Amino acid sequence: MQTKVQKQLPPTKKRSSLSEKTKEAISGYIYISPFFILFGIFGLFPMLFSFYLGFQKWNGLGEMEFVGFQNFKWILTDQLFWTSLSNTLIMWVLGTLPQLLIGIILAYALNSTLIKLKSFFRVSIFMPYVTSTVAVAIVFGIMFNDQEFGLFNLIAGLFGVDPISWGTSWWGVKVAISTMVFWRWVGYNTIIYLAGLQAIPNDLYEAAVIDGATIRQKIQYITIPMLRPIIILTVFTSTIGALQLFTEPLIFIGRTYREEGLTVVLYLYREAFVNLAFGPASAAAIILFLIIIILSTINVFIANRVGR
């Protein structure tokens, strides 16, 4: 009787249920996950928790008490909040808007062939941005000293003007803080505009010269329209930064929180960490968030129409 010998086949390997594309996607998510984890802990969670605190009464230690819209009502009826908001808007007009215009002019000058030592001037203009904000505020605090030996009071004295109380007068504080903001950020915007100018094809300017265009016409019909996306970006970021002004006024006016230099962020900081009123402070933060959205939308809409 013949017996059939069955050949034993080698064991087959189990196929992975995940494709190579899926594995690569998982690896990519694992590599970028630290950013999202840190952002979720230190960015997203504080924002969501702040929205939650806006409807609570809490001193930071005891139990929370739900109060509804009472915090928002209290903030909107507080005259000091509106003072801080007006101060913020005034400093935005005095310090932020001029830096955008001056930034375009400086970038156009640095991009021209008439300026020598361009690398030196580019680094010099950008240096204030990388300088510590606290150091800048301390130096400008000395320059805007209320005494006669302050730099700006010495300059004013040359024209027969009496010493100005930069640290206590209503407009003196705003001018001093706005000057700090202007000096620190004008170089940053200049470099961004310069990068945008260098991306404009030179053929457009050569064709304009052949057609007999003047410098004003080249700026109006070539430079500004081509820079429109960059202008929108700088207007958007500058508006957000101006409405979140905190370090400069805090260092300049100190812990007195004087009304002359009180900004919205400094106001909610005082409510949270001095008065231990985290509910109203969070409500002020939410209101500031809505104001930033509205003003940023308006500014982007206006900037989007520039150069058309």
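**Close-up views of a predicted model**

**View 1. Phe 81 and Met 91 in helix H3.** Phe 81 is found in helix H3, which covers residues 79-111, and the coordinates shown here and in the following views belong to a predicted model. With a relative accessible area of 1%, Phe 81 is buried, because that value falls under 20%. Phe 81 is separated from Glu 259 by 178 residues in sequence, while in space the two lie 9.8 Å apart, C-alpha to C-alpha. Met 91 is also found in helix H3, and at 3% relative accessibility Met 91 counts as buried. For Met 91 and Thr 179, the separation is 88 residues in sequence and 9.1 Å in space, taken from C-alpha to C-alpha.

**View 2. Thr 168 in the loop between helices H6 and H7.** The loop that holds Thr 168 runs between helix H6 (151-158) and helix H7 (170-198). Thr 168 has a relative accessibility of 36% and therefore counts as partly exposed. Between Thr 168 and Gln 220, which are 52 residues apart along the chain, the C-alpha atoms are separated by 43 Å.

**View 3. Spans annotated as transmembrane, and the annotated domain.** In an unreviewed entry, UniProt places the feature "transmembrane region" at residues 29-55, 89-111, 123-144, 164-183, 230-253 and 273-302. One of these spans, residues 123-144, is 86% helix and 0% strand in the model, and its end C-alpha atoms lie 26 Å apart. For residues 164-183 the model gives 70% helix and 0% strand, with the end C-alpha atoms 20 Å apart. The unreviewed UniProt entry also lists "domain: ABC transmembrane type-1" at residues 85-299; over residues 85-299 the chain is 76% helix and 0% strand, and the end C-alpha atoms are 17 Å apart.

**View 4. A nonpolar surface patch and Met 47.** Tyr 29, Tyr 31, Ile 32, Phe 35, Phe 36, Phe 39, Leu 44, Met 47 and Leu 48 make a nonpolar surface patch of about 1,000 Å². Of these residues, Met 47 has its place in helix H1, which spans residues 20-53. The relative accessible area of Met 47 is 43%, so Met 47 is partly exposed, a class that lies between the 20% limit for buried and the 50% limit for exposed.

**View 5. The largest pocket and its lining.** About 530 Å³ of space lies in the largest pocket. Its lining consists of 20 residues, of which Pro 46, Met 47, Ser 50, Ala 285 and Ile 286 are the closest to the centre of the pocket. Two or more lining residues are given by each of H1, helix H12 (264-273) and helix H13 (278-304). Which element gives the largest share of this lining? The largest share comes from H13, with nine residues. Met 47 thus appears both in the nonpolar surface patch and among the residues closest to the pocket centre.

**View 6. Leu 276 in the loop between H12 and H13.** Leu 276 is found in the loop between H12 and H13. Although Leu 276 is not a glycine, it has a positive phi of about 55 degrees. Most residues other than glycine have a negative phi. With a relative accessible area of 44%, Leu 276 is partly exposed.

**View 7. The salt bridges.** How many salt bridges does the structure hold? The structure holds two salt bridges. Side chains of opposite charge can pair when their charged atoms come close. In one of the bridges, Glu 260 is joined with Arg 258, the closest N and O atoms being 3.2 Å apart. Glu 260 counts as buried, because its relative accessibility is 14%, whereas Arg 258, at 32% relative accessibility, counts as partly exposed. A salt bridge also links Arg 270 with Glu 271, where the closest N and O atoms are 2.9 Å apart. Both Arg 270 and Glu 271 are buried.

**View 8. Pro 229 in helix H10.** Pro 229 lies in helix H10, which covers residues 228-243. The relative accessible area of Pro 229 is 54%, and because this value is over 50%, Pro 229 is exposed. Pro 229 and Asn 304 are 75 residues apart along the chain, and their C-alpha atoms are separated by 7.8 Å.

Key: Residues are numbered from 1 along each chain as its sequence is written. This is a predicted model: local features need pLDDT of at least 70, side-chain atom pairs count only at pLDDT 80 or more; totals for chains, interfaces and linings use all residues. Side-chain values use heavy atoms; hydrogens and water are left out. UniProt positions are given in the numbering used here, feature names are shortened, and annotations may be inferred rather than shown by experiment. Helices (H or I, at least four residues) and strands (E, at least two) are DSSP runs, numbered from the N terminus. Patches are made of residues with over 30% relative accessible area and no salt bridge: like charges are joined within 9 Å, nonpolar side chains (Val, Leu, Ile, Met, Phe, Trp, Tyr) within 5 Å. Accessible areas come from the Shrake-Rupley method with a 1.4 Å probe; for residues, only the protein chains shown count as cover. A salt bridge is a side-chain nitrogen of Lys or Arg within 4 Å of a carboxyl oxygen of Asp or Glu. Buried means under 20% relative accessible area, exposed over 50%, partly exposed in between (1.4 Å probe, protein chains only). On a 1 Å grid over the protein atoms alone, a cavity is a set of points where a 1.4 Å probe fits but cannot get out, and a pocket is an open set with protein on both sides within 12 Å along at least five of seven lines; lining residues have an atom within 4 Å of a point. Grid points are joined across faces, edges and corners, and a volume is the space filled by probe spheres set on the points.
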